[in-house]
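Here is a small set of exercises to work through with the viewer open. Try each task on your own before you read its solution.

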Amino acid sequence: MNRRDFARTLGLGGLAAAAGTAIPGCAPQSQTFADKHYYINRGYHQIPKLRLSTDRIVKETVGLRPYRPSGPRIEAESLDKKTIVHNYGHGGSGWSLSWGTGNMARQLVLATGQRKIAVLGCGTVGIATARLLQESGCDVTIYAKDLPPNVTSNLATGTWSPASRVCDPNVARPDFRKVWEEATRFSFRRFQFLLGMNDIACWVEEYNVHTEPPQSNPAMGSELYELPGLVPERVALTRKEHPFKAGFVTRRSNMMFNIPSYLHHHLNDFMVFGGKVKVQEIKRLEDIDALPEQVVVNCLGLGAKAVFNDAELTPVSGQLSCLIPQTDVQYKLNTKGANFIARKDGIFLGGNGIVGNWDTTPSKEQTEKVVGVLQKLMAEMRG
Ligand SMILES: Cc1cc2nc3c(=O)[nH]c(=O)nc-3n(C[C@H](O)[C@H](O)[C@H](O)COP(=O)(O)OP(=O)(O)OC[C@H]3O[C@@H](n4cnc5c(N)ncnc54)[C@H](O)[C@@H]3O)c2cc1C
């Protein structure tokens, strides 16, 4: 059977439906005339509506971003006979920057000449750092009081956002822009090698939908820390190109991380390459002194505050509500007061950040606010 016969057997309409696209001139006539928005919301920019109701929410969490206004701490210091390499305080950018700052920590470790290394912490930063050290021939043991899924990293949205709440540019260290750029570039390149691995990292379409030109918040690390040329630029869409009621709509492709499978994959790799994991709480510096390794990498996230007496480290809480996955919804959307992202394990609604809040109890008001904003936006969508 040749290609033309195959097409005839299936019927062109069947092929179009299978591909999920409208072949010009082949769309069912009734649909074309019954719905003038057919080509808007069923054409090039397919944006299915999210089915939103509180009974579809299966999980709610509050995670605490480890925020330092001066930026993450990446440096080495001596503690008696040991070297401590700090790698913590990534704010809302820990997923994105994990490989980049992990690489910086690796350089500081290798400079000591030691190869038997302790990594404190088993979140995304600790795991990435431990893997990089293994790649450089180190014998690594991770010490952590909690392992995935019971880590802050498991409570994140999981998008490429290397400048999100990463610092306050007004008080950031003078060299921080340079450090951030180096970490961002290294991480971005590393993520390209993780694409196609059972979707632990993948690309997603991201829409920003606003009724007024969106304002950024410079105090939380913002456009000052944009790096053109990595992910594609945002493209403004005209009203004919999107189904939303809002007048300011952009689209771009962005990277995202399917958090549970990503953490599982890398922790597994760590152990396949001979890494050891010990469940242990570090309460004070003496506990670090008692470890057999001479070089210790501190990836404790917010836990570093108490152990290293870091007055600057502050939580910025963020609440997420997880909806049952919806097969046709495979995009990310940001609007004023709310956002959502479709991951493999669910559709995560969020959008808040409360500086200095240690309370991890989900708030009903916050859930209702986010659901309300998104329900209205969906109800007003054409198509
Ligand atoms: C709602 C929300 C959304 C987010 N979205 C994104 C996003 O889209 N993109 C992005 O890049 N980032 C995002 N982040 C930020 C990101 O999740 C964090 O920056 C990142 O998880 C920090 O990772 P970590 O490994 O440093 O810390 P953690 O994941 O907290 O890991 C710390 C580890 O140290 C251990 N530990 C702590 N204290 C001790 C102790 N005393 N003794 C022994 N072990 C200890 C813990 O058990 C854990 O194993 C988000 C965060 C939140 C809360």
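**Exercise 1. Decide whether Val307 is buried or exposed.**

Solution. Start with the cut-offs: a residue is buried under 20% relative accessible area, exposed over 50%, and partly exposed in between (1.4 Å probe, protein chains only). Val307 has a relative accessible area of 11%, so Val307 is buried. Next, place the residue: Val307 sits in helix H10, residues 304–308. Helices (H or I, at least four residues) and strands (E, at least two) are DSSP runs, numbered from the N terminus. Finally, look for a partner along the chain: Leu285 is 22 residues away from Val307, with 6.5 Å between the two C-alpha atoms.

Before going on, keep two notes in mind. This is a predicted model, in which local features need pLDDT of at least 70 and side-chain atom pairs count only at pLDDT 80 or more, while totals for chains, interfaces and linings use all residues. Residues are numbered from 1 along each chain as its sequence is written, and side-chain values use heavy atoms, with hydrogens and water left out.

**Exercise 2. Describe the shell around the ligand and find which element supplies the largest share of it.**

Solution. Count first: the ligand is surrounded by 37 residues, where near means that a heavy atom of the residue lies within 4 Å. The closest are Gly91, Ser96, Asp146, Ser153 and Ile282. Then sort the shell by character: 13 residues are nonpolar, 20 polar and four charged. In this scheme Ala, Val, Leu, Ile, Met, Phe, Trp, Tyr, Cys and Pro count as nonpolar, Asp, Glu, Lys and Arg as charged, and the others, Gly among them, as polar.

Now sort by element. Strand E1 (57–67), helix H5 (94–110) and helix H6 (124–135) each give at least two residues to the shell. E1 contributes the largest share, four residues.

Take one of the closest residues a step further. Asp146 belongs to the loop between E5 and H7, and at 33% relative accessibility Asp146 counts as partly exposed. Asp146 and Gly123 are 23 residues apart in sequence, with their C-alpha atoms 8.8 Å apart in space.

**Exercise 3. Find which atom of the ligand lies 3.2 Å from a backbone N or O atom of Thr157, and list other polar pairs.**

Solution. A polar contact is a pair of N or O atoms within 3.5 Å; within protein, one must be able to donate a hydrogen and the other to accept it, and residues adjacent in sequence count only if both atoms are side-chain atoms. For Ser96, a polar side-chain atom lies 2.7 Å from an oxygen atom of the ligand. For Thr124, a backbone N or O atom lies 3.4 Å from a ligand oxygen atom. For Thr157, the partner of the backbone atom is a nitrogen atom of the ligand, at 3.2 Å. The protein covers 95% of the 1,000 Å² of accessible area that the ligand has on its own, by the Shrake-Rupley method with a 1.4 Å probe.

There is also a pair within the protein: the side chains of Ser321 and Glu60 make a polar contact at 2.8 Å. Ser321 is part of strand E11, residues 314–323, and at 5% relative accessibility Ser321 counts as buried.

**Exercise 4. Check the span of H11 and work out where its buried residues point.**

Solution. The expected span is 1.5 Å times one less than the number of residues. For the 16 residues of H11 (364–379) this gives 22 Å, and the end C-alpha atoms are 22 Å apart, which agrees. Next, list the buried residues of H11: Gln366, Thr367, Val370, Val371, Leu374, Leu377 and Met378. Seen down the axis, these fall within an arc of 130 degrees, so they line one face of H11; the arc is that of the directions from the helix axis to the C-beta atoms. An α-helix has 3.6 residues a turn, so residues three or four places apart point the same way. On the other side of H11, the exposed residues are Lys364, Glu365, Lys376 and Ala379.

**Exercise 5. Find the backbone angles at Asp80 and between Pro148 and Pro149.**

Solution. Most residues other than glycine have a negative phi, and most peptide bonds are trans. Asp80 has a positive phi, near 50 degrees, and lies in the loop between strands E2 (73–79) and E3 (82–88). The peptide bond from Pro148 to Pro149 is cis, with omega near 15 degrees.

Key:
A residue is near a molecule or strand if one of its heavy atoms lies within 4 Å of it.
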